[in-house]
There are 2 protein chains.
Amino acid sequence: MSTSATNTAESRFDPKFTSHVVDTIGPATDDRTRAVLSSLIRHLHDFTREIELTPDEWMMGVRFMNSIGQASTPIRNEGLRICDVLGLESLVDEIAHKHASESGSPTSSSILGPFWSPNAPFRELGGSVIQDKHDGQVVYMHGQVLDLETKKPVANAVFDFWQASSNGKYDFQDPDNQTDNNLRGKFRTNEEGKYWFYCLKPTAYSLPTDGPAGVLLKLLDRHPFRPAHIHLMISHDSYKPVTTQIFPSDDQYLTTDTVFAVKDDLVVDFVPYEGDPKATLELKYDVILAPKA
Amino acid sequence: MSTSATNTAESRFDPKFTSHVVDTIGPATDDRTRAVLSSLIRHLHDFTREIELTPDEWMMGVRFMNSIGQASTPIRNEGLRICDVLGLESLVDEIAHKHASESGSPTSSSILGPFWSPNAPFRELGGSVIQDKHDGQVVYMHGQVLDLETKKPVANAVFDFWQASSNGKYDFQDPDNQTDNNLRGKFRTNEEGKYWFYCLKPTAYSLPTDGPAGVLLKLLDRHPFRPAHIHLMISHDSYKPVTTQIFPSDDQYLTTDTVFAVKDDLVVDFVPYEGDPKATLELKYDVILAPKA
C-alpha cells in the first residue's frame, strides 16, 4: 500500500483507526490471508474517507450487498456478475495471465463468466453442439491445439465450448426453448491435435438486468450488452489450462463490453463457407498451450 | 484519490484499464454517485492489483459475498455485521460525527447496529423496559437532555433505548425467552428535559458466529465479543439526532470491541444505588443536542 495515499486520505480523521482494525488480526491467520484482508480493509477505509461516505449512502450499500446474495441461486451467480460489471473478473484474469505468461506467451485468457457448466457432455468430433431450434447462422468451427514450446500438436486436449443461443440466452436461462446442454460440448483433439464441429455464430446479448447488476448498471448509466462471443476452456493434464472467449470482428459492442473482457487477439473473423450443406460460415481457431512447469 | 498510489499499484498491469472502466459511466449518472462509484472502483482495482489477487481467491470472495445476502433475513442483517467487523460502520459514524461537530460538539455518536427496531413502544417516565425474566442487575437510569448552545433543557425529546438481555441476546434473537420489545422503549423528556426509567446493567456478548461474519472473524483470528453496551437514539424536531452507545467502565472488551465502536467519552460508571427496592445500580447520563441549522 502507498503510505502517501493513506496519510492524505486520513488527514481529517483519526489517523490510528485503520491500523487498529488491521492490528486486531490474530496470530493464527496465515500470511497470505493477512495480506489480502489487510489490503482490503485499508482500501475500503481509504475509499470511505476519500469520499466521506454518509450513513445513508453506507446503508444503501449494505442493502445492495445483501441483495446480491438474495438474488443468487444455484444457477444464477449475481456476485460474480457484479464483479464483472466493476471490471474485477477481467482484472483478476489479467493478473493471472501475467503470472502464466511469465513462463511464455500462450493464447490470451479471458473470464469464465457465470454460465460455464461442469456437466457439459463429451461429443464426437464432427458433431454439433446445436440441439434445439434457433434463428442463427451455423458455423463450421475447427482448428488445432499446439504446444507453445515445441509447436507440435497436442492430442487428447479437452476443448470445452459453450455459447448463448440466437436469442441471447444460455440453456440455464431458457428452459422453455432449450434442452440441457444445448450449445455446450466437450471435444477431444485427435492425434494431430485437431478439433472440428458445428456451432452457431454467437449473438450479442444483455446481462440480466432484473437483479442487483441491473441496479448497478442503471446507477452507472451504462448499457448492459456484451459483444457476441464464444466461451472456450482448453485443458490437458500436461499443460496449463486456458479459459477464454472469442469475439466476432463485426460486433458493435467490442469497445464497450460491459464486463471488459475483450482483448485484441481474441477478436476473430467468421468467413463464408461453401460446399457444406450444414454450415454457411467457417471459423478456424488454433489454441497454444503452455506446458506445466 | 492519490495518483502516486495508483501509478505504483498499476505498474505491472495495463495502466489504462481502471480509467476505461470508470470512463464508461454515462452522462445520466449524478455527480455524487459518479464520485462514490469511481472511487470504489479505483480502490477495488488498486486492492486487486496490489495483492495480485488470484482467480481462486477472487472466486472465494464471490462465494463469500453471495453468502452474506443468503444469510440475511428481515431480522438479521449480515451485510451490516460484515461492515461492523471491518470497522466500516464506525468509520462512517466518525465521518458523520465530524460533519455534525463542525457546527459544535454535541454528545459523541456511535453506530446504530443491526438491532434497532422501528416498532419500540413509548413508555411512561419512571417505567421499566424490563418485561421478561433475567439474571441481570437492575439499573435506575436517568438524566437530562440539554441544548448545546443555550444549555437549557430540551423538553419532548424522544429518548429511544435498546439493549440485549442478561443472556447477551436481543428480543429478535431470543423468541423463546423474550417477548417483543423486551428491553426496548421510547421515553419523552419532561418540561425540565429529564427522563428516568429502569433497565438492566448491560452484558457483553458475542456477535452471532454461525454466518458469514463468523467466517470472517475466524479468518481474521479475532474474538467475536462486543463490550456490554446500551443503545440510545435521541431525537427532537428542532435538533440534530444523536445515535450512540454507552459502555460500562468495568468491561473487559472496551479496548478490543469487535466492531470498533468505543469512544472514551461514551464510557460510563454504574454506581451502587440505595433506598430503591426496584434497583441496585444507578446510571446518570445527560445528552447534549445541537440545534438544526
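Q: Is B:Phe260 buried or exposed?
A: This is a predicted model, so take what follows as computed from the prediction. The general idea is to look at relative accessible area, where under 20% means buried. B:Phe260 has a relative accessible area of 8%, so B:Phe260 is buried.

Q: Where does B:Phe260 sit in chain B?
A: To place a residue, look for the helices or strands on either side. Here, B:Phe260 belongs to the loop between β8 (239-248) and β9 (267-268) of chain B. Its phi is near 60 degrees, a positive value in a residue other than glycine.

Q: Which loop of chain A holds A:Glu52?
A: Same approach: find the flanking elements. A:Glu52 lies in the loop between α3 (31-50) and α4 (55-71) of chain A. Its phi is also positive, near 45 degrees, and this residue isn't glycine either.

Q: Why does B:Tyr170 count as buried?
A: Check the accessibility against the cut-off again. B:Tyr170 has 0% relative accessibility, so it counts as buried. You'll find B:Tyr170 in the loop between β2 (158-162) and β3 (184-188) of chain B.

Q: What is B:Tyr170 in contact with, leaving aside its neighbours within four places in sequence?
A: The trick is to skip the sequence neighbours and see who else is there. For B:Tyr170, the list includes B:Phe115, B:Trp162, B:Arg184, B:His229 and B:His231. B:Tyr205 is on that list too, and the side chains of B:Tyr170 and B:Tyr205 make a polar contact of 2.9 Å.

Q: How many residues apart in sequence are B:Tyr170 and B:Asn181?
A: With a pair like this, look at sequence and space together. B:Tyr170 and B:Asn181 are eleven residues apart in sequence, and their C-alpha atoms are 9.0 Å apart in space.

Q: Which strand holds A:Arg226, and what does its side chain do?
A: Start with the element, then look at the side chain. A:Arg226 is in strand β6 (residues 225-226) of chain A. Its relative accessibility is 4%, so A:Arg226 counts as buried. The side chain makes a polar contact of 3.3 Å with the side chain of A:His229. Beyond its sequence neighbours, A:Arg226 is in contact with residues including A:Tyr205, A:Gln245, A:Phe247 and A:Asp257.

Q: Into which domains is chain A divided?
A: Read the residue ranges, then the spacing. Chain A has domain 1 (14-52) and domain 2 (83-287), and their centres, taken over C-alpha atoms, are 38 Å apart.

Q: What lines the largest pocket?
A: Look at the volume, then at the lining. The largest pocket has a volume of about 1600 Å³. Its lining has 48 residues, with A:Leu40, A:Leu44, A:Met65, B:Leu44 and B:Met65 nearest its centre. By class, 38 are nonpolar, six polar and four charged.

Technical notes. Residues are numbered from 1 along each chain as its sequence is written. Chains are lettered from A and ligands numbered from 1 in the order in which they are written. This is a predicted model: local features need pLDDT of at least 70, side-chain atom pairs count only at pLDDT 80 or more; totals for chains, interfaces and linings use all residues. Side-chain values use heavy atoms; hydrogens and water are left out. Helices (H or I, at least four residues) and strands (E, at least two) are DSSP runs, numbered from the N terminus. Buried means under 20% relative accessible area, exposed over 50%, partly exposed in between (1.4 Å probe, protein chains only). Contact means heavy atoms within 4.5 Å. A polar contact is a pair of N or O atoms within 3.5 Å; within protein, one must be able to donate a hydrogen and the other to accept it, and residues adjacent in sequence count only if both atoms are side-chain atoms. Domain bounds come from an automatic or database domain assignment. On a 1 Å grid over the protein atoms alone, a cavity is a set of points where a 1.4 Å probe fits but cannot get out, and a pocket is an open set with protein on both sides within 12 Å along at least five of seven lines; lining residues have an atom within 4 Å of a point. Grid points are joined across faces, edges and corners, and a volume is the space filled by probe spheres set on the points. Ala, Val, Leu, Ile, Met, Phe, Trp, Tyr, Cys and Pro count as nonpolar, Asp, Glu, Lys and Arg as charged, and the others, Gly among them, as polar.
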